[in-house]
Amino acid sequence: MTGRDIALGTLHREAVPFPCINYCWMTHTRYMSHVAGREYWDDPEGVFIAYVRRSGANLVPQWYYPDEGHRRLEAGEVMHAIDPHVRRGFREPEDVLRYIERLPSDEAVEREFNVEVVAEAYGGNIRQRMEQLGPDVLVIDGFGQADFMGGYSQWGYENYLAASALWPEAMHHYYHHTAVQGRLMNHAIALACERYGLAPFVYGGQDICTAKGPIMSPAALREIYFPELKWCLEPLVEAGIGIVWHCDGDIRPILGDILDLGVIGLQGFEEEHGVDYGEMARLRDAKGRPIAIWGCVSVTSTLPHGTADDVRRAVERSFTIAGPGRGFVLSSTSSVMPEVPLENVDALFTHGRQFGREYLGG
């Protein structure tokens with residue numbers, strides 16, 4: 001089996017005898033340089049591609065690698081980003097309301113969206129990336145969503161949450177507007193998967209939760225956000241395209257709402273904040289199947305602060321709790337950062353391949 005066959009069979013929940021391993025959103029440029037045998041900053045994309053091909057990873061769910069901002073941070077530069085939303089003109093909640101009132105109509109958004117062009121671009125990007133990575137790596141990509149995190153990123157948290165409390169109908173309109181865009185995108189993705197023979201899976205999510213739970217009350221989310229998100233995802237669900245959702249923070253208060261969207265898998269799990277990996281592995285999707293699990297080696301505890309043996313134990317725990325034949329992907333909980341010792345990253349991939357083969361029978 002090629003690595004791509006392994007990843008695709010795993011995502012289809014087949015009894016694959018070899019492990020599927022995520023590339024783990026690697027932002028550790030020193031490790032990528034170590035694996036590739038040349039300096040990352042001399043050729044970021046080229047070294048990223050070499051890292052993926054040589055690390056043993058066989059799944060890339062998001063084409064992401066460190067950029068200039070990471071380089072400046074690694075160099076110890078103090079970077080200031082004070083109130084960027086103010087520079088964008090969002091000084092008070094009323095600015096958010098005025099922004100929402102100027103949004104174009106649904107009809108205008110639909111007129112501007114060309115499903116054929118977007119489908120061709122989406123499929124072309126994935127096919128190009130798989131050609132760059134070779135037959136041992138499967139590439140999938142994101143999907144259209146009703147936007148939650150873009151609002152606070154653009155307007156600032158205080159303005160965002162104050163506007164949500166003061167004018168929930170306006171915020172509902174904003175979520176609907178972004179859901180219209182996302183639904184059109186998902187129609188294009190469904191078309192691209194059918195036309196170009198892409199793997200029928202997508203990965204993504206919205207950063208809704210902190211370490212203490214959702215930043216907006218679950219009741220408000222159920223009233224103005226989740227209905228729009230579910231409507232937005234319908235083209236994917238109806239086309240049989242599996243959605244894997246990134247779980248940030250303490251997602252437990254809204255976990256039922258996430259499963260109700262029709263997702264087939266979950267990734268992440270910040271156990272430091274109360275989420276129990278074992279409980280996640282016992283969940284089932286809307287069709288009653290065991291939920292696909294991507295996890296669960298911590299990027300905030302085990303990888304940066306543990307030993308290589310701690311990482312190996314976490315790898316084994318990840319496999320054995322999830323179990324075989326349910327779409328399990330060995331993965332870090334989020335991005336692997338530069339402070340992680342090289343031997344710990346090596347342990348993640350090396351032991352993931354070795355123990356995964358033993359456990360799965362390959």
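This talk covers the cysteines, one buried asparagine and the cavities of the structure above. Keep in mind that this is a predicted model.

Cysteines first. How many disulfides does the structure hold? Zero. Take C24. Its closest cysteine sulfur is in C20, and the gap is 10 Å. A disulfide needs the two sulfurs within 2.5 Å, so C24 is too far away for a bond. C232 is in no disulfide either. For C232 the nearest cysteine sulfur belongs to C193, 15 Å away. Are these two cysteines buried or exposed? C24 is buried, at a relative accessible area of 1%. C232 is buried too, at 0%.

Now the asparagine, N58. Where does N58 sit? In the loop that runs between α3 (44-55) and β1 (59-60). N58 is buried, with 4% relative accessible area. What does its side chain reach? Two backbone atoms to note. One is the backbone oxygen of P19, which lies 3.1 Å from a polar atom of the N58 side chain. The other is the backbone nitrogen of I21, reached at 2.8 Å. Leave out residues up to four places away in sequence, and N58 touches G3, I6, A7, P19, C20, I21, D136, V137 and L138. So P19 and I21 turn up again in that list, and C20, the cysteine closest to C24 by sulfur, is there as well.

On to empty space. Rolling a probe the size of a water molecule over the atoms shows where such space is left. Searching the whole structure gives two cavities of 30 Å³ or more.

The largest has a volume of about 120 Å³. Its lining counts 14 residues. Which are closest to the centre? T10, P324, G325, F328 and L360. By class, that lining splits into eight nonpolar, four polar and two charged residues.

The second largest cavity holds about 40 Å³ of space. Its lining is Y122, I126, V139, I140, D141, C193, L198, A199, F201 and V202. Which elements each supply at least two of those residues? α8 (115-133) and β3 (201-204). The classes here are nine nonpolar, no polar and one charged. Note C193 in this lining. C193 is the cysteine whose sulfur is nearest to that of C232.

To recap: zero disulfides, a buried N58 with side-chain links to P19 and I21, and two cavities of 30 Å³ or more.

Definitions and conventions:
Residues are numbered from 1 along each chain as its sequence is written. This is a predicted model: local features need pLDDT of at least 70, side-chain atom pairs count only at pLDDT 80 or more; totals for chains, interfaces and linings use all residues. Side-chain values use heavy atoms; hydrogens and water are left out. Buried means under 20% relative accessible area, exposed over 50%, partly exposed in between (1.4 Å probe, protein chains only). Helices (H or I, at least four residues) and strands (E, at least two) are DSSP runs, numbered from the N terminus. A polar contact is a pair of N or O atoms within 3.5 Å; within protein, one must be able to donate a hydrogen and the other to accept it, and residues adjacent in sequence count only if both atoms are side-chain atoms. Contact means heavy atoms within 4.5 Å. On a 1 Å grid over the protein atoms alone, a cavity is a set of points where a 1.4 Å probe fits but cannot get out, and a pocket is an open set with protein on both sides within 12 Å along at least five of seven lines; lining residues have an atom within 4 Å of a point. Grid points are joined across faces, edges and corners, and a volume is the space filled by probe spheres set on the points. Ala, Val, Leu, Ile, Met, Phe, Trp, Tyr, Cys and Pro count as nonpolar, Asp, Glu, Lys and Arg as charged, and the others, Gly among them, as polar.
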